[in-house]
Amino acid sequence: MFALAPRSAPPLARTYSSARTHIPVIRSLGQLRRWRAEARSRGLEVGLIPTMGALHDGHLNLVRASVNRHPLTVMSLFVNPTQFAPHEDLGAYPRTFEGDMDKLRGLMRQGPAAVIHGLGISEYDRRLPRPNPGPPAGESPLVVFAPTVETMYPLRGELQNLSEHRGAKVHVQGWGDVMEGASRPQFFTGVATVCTKLFNAVEPDHAYFGQKDIQQALLLKILQTDLLSAHPLPENLHILPTTRDKDTGLALSSRNAYLSPAELGVAPVLQRALQAARSAFDNCASGATMLEVATRVVAQEQERLRVAGSEVVLKPDYFEVFDRNSFAPVRGTPGPGDKLVVSGAVWVGGTRLIDNLLLGWDAETLDVSNDV
Ligand code: AMP
């Protein structure tokens with residue numbers, strides 16, 4: 001595995017052809033900080049994509065977008081213990097480092113033209129005023145940051161039961177304890193804490209998150225706004241559309257790997273329920289009606305499974321319609337110009353799946369710093 005050279009020999013000098021297949025892996029904070037200082041000294045903009053690995057096309061689309069827009073991109077691969085409660089799936093969460101690196105190399109092997117141009121992720125890409133020239137010749141546009149738990153949590157301590165944790169925690173009260181945060185009480189504290197650490201470590205100019213986890217992305221924008229943080233500025237924290245299975249519409253997720261073939265067949269019901277809610281929104285229905293419509297779609301699927309004698313157990317957790325800035329639930333009829341989200345979580349067997357659709361706005365059009 002590639003180890004970054006010491007301070008005296010800048011690590012980034014490589015030919016483009018090797019840069020396409022050779023993605024540097026940074027393990028320590030010291031290496032990362034030297035790499036970042038060098039990028040800054042040369043005026044190279046850096047994009048960051050935080051992930052827990054087990055990569056799929058949704059993650060790769062975030063890489064495409066960042067590599068498309070910035071000369072240098074850091075993808076972090078770190079399974080963050082603090083966002084898993086003690087009873088959750090930290091131990092079982094897929095850890096596929098070598099496979100992840102193969103996928104990233106495969107993406108970069110498509111060549112700079114394929115990666116850097118023409119893979120329009122969103123309208124935003126097509127509107128880019130000038131194409132990113134790419135990294136200086138010989139450098140990989142992509143670097144992986146794969147820290148250890150000790151690097152990310154130097155005080156160690158209790159990392160799963162956060163009420164017992166001694167050390168810094170980041171909690172966005174009022175935003176982090178509703179919806180996903182109500183179902184998973186320490187989840188957003190863990191997410192906000194680890195992302196703050198990653199933002200502090202990488203000091204990215206831009207960061208990329210998926211609409212798939214919309215509450216997370218919006219909450220992080222609010223966090224950056226409230227803490228007056230500049231790495232990234234809230235408006236440079238980008239939310240890109242959810243990547244879906246093109247046949248079923250199922251949102252890609254690392255947790256889909258837990259699903260049996262029969263469960264995989266049932267899982268797209270969540271997307272169908274949200275689509276039904278969106279149709280109701282398009283027909284000027286109230287938030288309450290949208291929730292009824294979504295809940296009914298899941299109930300009908302439950303009934304269909306029961307009648308068919310299926311072994312798949314489907315259990316809705318919640319549906320919600322909420323304002324994208326305040327996270328206030330919407331039960332009345334939305335007004336013109338309201339920017340809302342309809343989101344939901346369902347258990348398919350032992351796997352909890354989440355998904356959402358945006359109502360009245362699109363991914364990549366948000367600037368929370370101006371309208372929170
Ligand atoms: P994860 O490691 O899967 O928790 O997520 C890392 C990043 O990838 C987060 O910003 C997610 O929202 C994003 N992501 C995960 N799945 C998708 C998807 N299907 N489409 C777009 N982004 C995604």
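In this predicted model, G210 has L240 as its bridge partner in strand β6, and this pair is a convenient place to start, since the two strands concerned, β5 and β6, pair in the parallel sense over four bridges. They belong to an open sheet of six strands, whose order is β1-β4-β3-β2-β5-β6 and whose pairing is parallel. At the edges of that sheet stand β1, residues 25-26, and β6, residues 237-240; each has a single partner strand, so one side of each is left without a neighbour in the sheet. Helix α9, formed by residues 187-202, packs on this sheet, where it touches β2 (46-51), β3 (72-77) and β4 (142-145), and its direction makes about 150° with that of β2.

G210 also leads to the ligand, for it is one of the residues that come nearest among the 15 around the ligand, together with G58, F209, K212 and D213. Two elements give two or more residues to this shell, namely helix α3, which covers residues 57-69, and strand β5, which covers residues 206-210. Of the elements of the chain, α3 gives the most to the shell, with three residues. When the residues around the ligand are sorted by class, five are nonpolar, eight are polar and two are charged.

A second sheet can be followed in the later part of the sequence. This open sheet has three strands in the order β7-β8-β9, and the pairing in it is antiparallel. Its edges are formed by β7, residues 314-323, and β9, residues 351-359, each of which has a single partner strand, so one side of each is left without a neighbour in the sheet. On average, and with direction ignored, neighbouring strands of this sheet are turned by 15° against each other. In general, the strands of a sheet pair through backbone hydrogen bonds, in either a parallel or an antiparallel way.

The pairing of β8 with β9 can be traced residue by residue. Strand β8, made of residues 340-348, runs antiparallel to β9 and is joined to it by nine bridges. V341 has L358 as its bridge partner in β9, while S343 stands opposite N356 in that strand. The hairpin of β8 and β9 has two residues between the strands, and in this hairpin G349 takes a positive phi near 60°.

Two helices lie across this three-stranded sheet. Helix α12, residues 269-282, lies across β7, β8 and β9 and runs at about 25° to β9, whereas helix α13, residues 287-307, lies across β7 and β8 and runs at about 165° to β7.

Away from the sheets, D177 has its place in the loop between α7, residues 149-152, and α8, residues 180-183. Is D177 buried, partly exposed or exposed? With 17 other C-beta atoms within 10 Å, D177 is partly exposed, because a residue counts as buried at 20 or more such atoms and as exposed at 12 or fewer. D177 and F187 are ten residues apart in sequence, and their C-alpha atoms lie 8.8 Å apart in space.

For the protein chain as a whole, the secondary structure comes to 14 helices and nine strands. The chain has 372 residues, of which 44% count as buried. Among its contacts with a separation of 6 or more, 71% are between residues that lie 24 or more positions apart.

Technical notes: Residues numbered from 1 in each chain as written. Predicted model: local features only at pLDDT ≥ 70, side-chain atom pairs only at ≥ 80, totals over all residues. Near = placed C-beta within 6 Å. Nonpolar A, V, L, I, M, F, W, Y, C, P; charged D, E, K, R; others polar. Pairing = 2+ DSSP bridges. Axes fitted to C-alpha atoms, helices over the stretch in contact; angles between N-to-C directions. Contact = placed C-beta atoms within 7 Å.
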